Amino acid sequence: PCPQRGQITPPALNEKNWAATDTAVAAAYDPSLDQWRELPPSDLSPQANSAVWTGEVMVAWDYDVRSQEYDPVTDSWTAPQKMPLEFDECYPDSVPVGGRVFAFFCAQSAVYEPATSDWSEIAGGPLDEEVYSEAYERGVKVWRFASLVPAGDVVFLMMEGVSFDEDGVVCYGCPGSPQSFWVYRPPAVG
């Protein structure tokens, strides 16, 4: 395909699926000029990220569960902060909800409040459900994956759970995996 005017070509992954850059690469689109421009480097991992526009800043976070805000007025990133989530083998996902950012990562969730630049862990409902696995000799989170659908002041979560093979080993996305539908509504502010 032919490059479009102002198009930025993202760095490619090498044969080991590692990014060609040390940090994530971000770009901003200016509709009045119909052009893209590369943003200054962040400190986020290039492996997997998610980003949400809050109306004033962009909140981005990575596979290592660290986040940064990008301010387009100053063209700069804040220092990275640790999110209240634990690292696992998942892809970060997030959506806007009621002026905040809702993040989902391996059966864990958090919400970001732009006014205070703070993350709060979300607990309860499907996030607390576990099933005991003989193979691992511990509880395993049931609802590991979710498709997020933002809808103003709520987020719909189309969740997929884990199933187990005959040895009790977790099987992701296998036939028989449970499905569930949940809605998250952040608490009122003030």
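Partly exposed here means a relative accessible area between the buried range, under 20%, and the exposed range, over 50%. Keep that in mind for the close-ups below, all taken from a predicted model.

**Close-up 1. A negative patch on the surface, with Glu 130 as one of its members.** Glu 86, Glu 121, Asp 128, Glu 129 and Glu 130 come together here as a patch of negative charge. Glu 130 sits in strand E12, which covers residues 130-133. Its relative accessibility is 48%, under the 50% cut-off for exposed, so Glu 130 counts as partly exposed.

**Close-up 2. Val 162, tucked into a loop and buried.** Look for Val 162 in the loop that joins strand E15 (154-160) to strand E16 (163-164). With a relative accessible area of 7%, Val 162 is buried because the value falls under 20%. Setting aside neighbours within four places in sequence, its contacts include Val 140, Lys 141, Val 142 and Arg 144, and also Val 170, Cys 171, Tyr 172, Ser 177 and Pro 178. How far apart in space are Val 162 and Glu 130, C-alpha to C-alpha? The distance is 10.0 Å, with their places 32 residues apart in sequence.

**Close-up 3. Arg 144 paired with Asp 88.** Arg 144, one of the contacts of Val 162, also forms a salt bridge with Asp 88, with the closest N and O atoms 3.2 Å apart. This pair links distant parts of the chain, 56 residues apart: Arg 144 is in the loop between strands E13 (138-141) and E14 (145-151), while Asp 88 is in the loop between strands E7 (81-82) and E8 (93-97). Arg 144 is buried at 12% relative accessible area, whereas Asp 88 is partly exposed at 28%.

**Close-up 4. Two more of the four salt bridges found in the whole structure.** Arg 37 and Asp 75 pair up with their closest N and O atoms 3.4 Å apart. Arg 37 belongs to strand E2 (residues 35-38) and Asp 75 to the loop between strands E5 (66-71) and E6 (76-77), so the bridge ties together parts 38 residues apart in sequence. Asp 62 and Arg 66 also meet in a salt bridge, at 3.0 Å from N to O. Here Asp 62 is buried, at 0%, and Arg 66 is partly exposed, at 24%.

**Close-up 5. Positive phi at Cys 106 and Ser 117.** Cys 106 isn't a glycine, yet its phi is positive, about 55°. This residue lies in the loop between strands E9 (100-105) and E10 (108-113), and is buried at 6%. Ser 117, also not a glycine, has a positive phi of about 55°. Ser 117 is in the loop between E10 and strand E11 (118-122), partly exposed at 30%.

Technical notes
Residues are numbered from 1 along each chain as its sequence is written. This is a predicted model: local features need pLDDT of at least 70, side-chain atom pairs count only at pLDDT 80 or more; totals for chains, interfaces and linings use all residues. Side-chain values use heavy atoms; hydrogens and water are left out. Patches are made of residues with over 30% relative accessible area and no salt bridge: like charges are joined within 9 Å, nonpolar side chains (Val, Leu, Ile, Met, Phe, Trp, Tyr) within 5 Å. Accessible areas come from the Shrake-Rupley method with a 1.4 Å probe; for residues, only the protein chains shown count as cover. A salt bridge is a side-chain nitrogen of Lys or Arg within 4 Å of a carboxyl oxygen of Asp or Glu. Lys and Arg count as positive and Asp and Glu as negative; His and the chain ends are not counted. The place of a charge is taken as NZ of Lys, CZ of Arg, CG of Asp or CD of Glu. Helices (H or I, at least four residues) and strands (E, at least two) are DSSP runs, numbered from the N terminus. Buried means under 20% relative accessible area, exposed over 50%, partly exposed in between (1.4 Å probe, protein chains only). Contact means heavy atoms within 4.5 Å.
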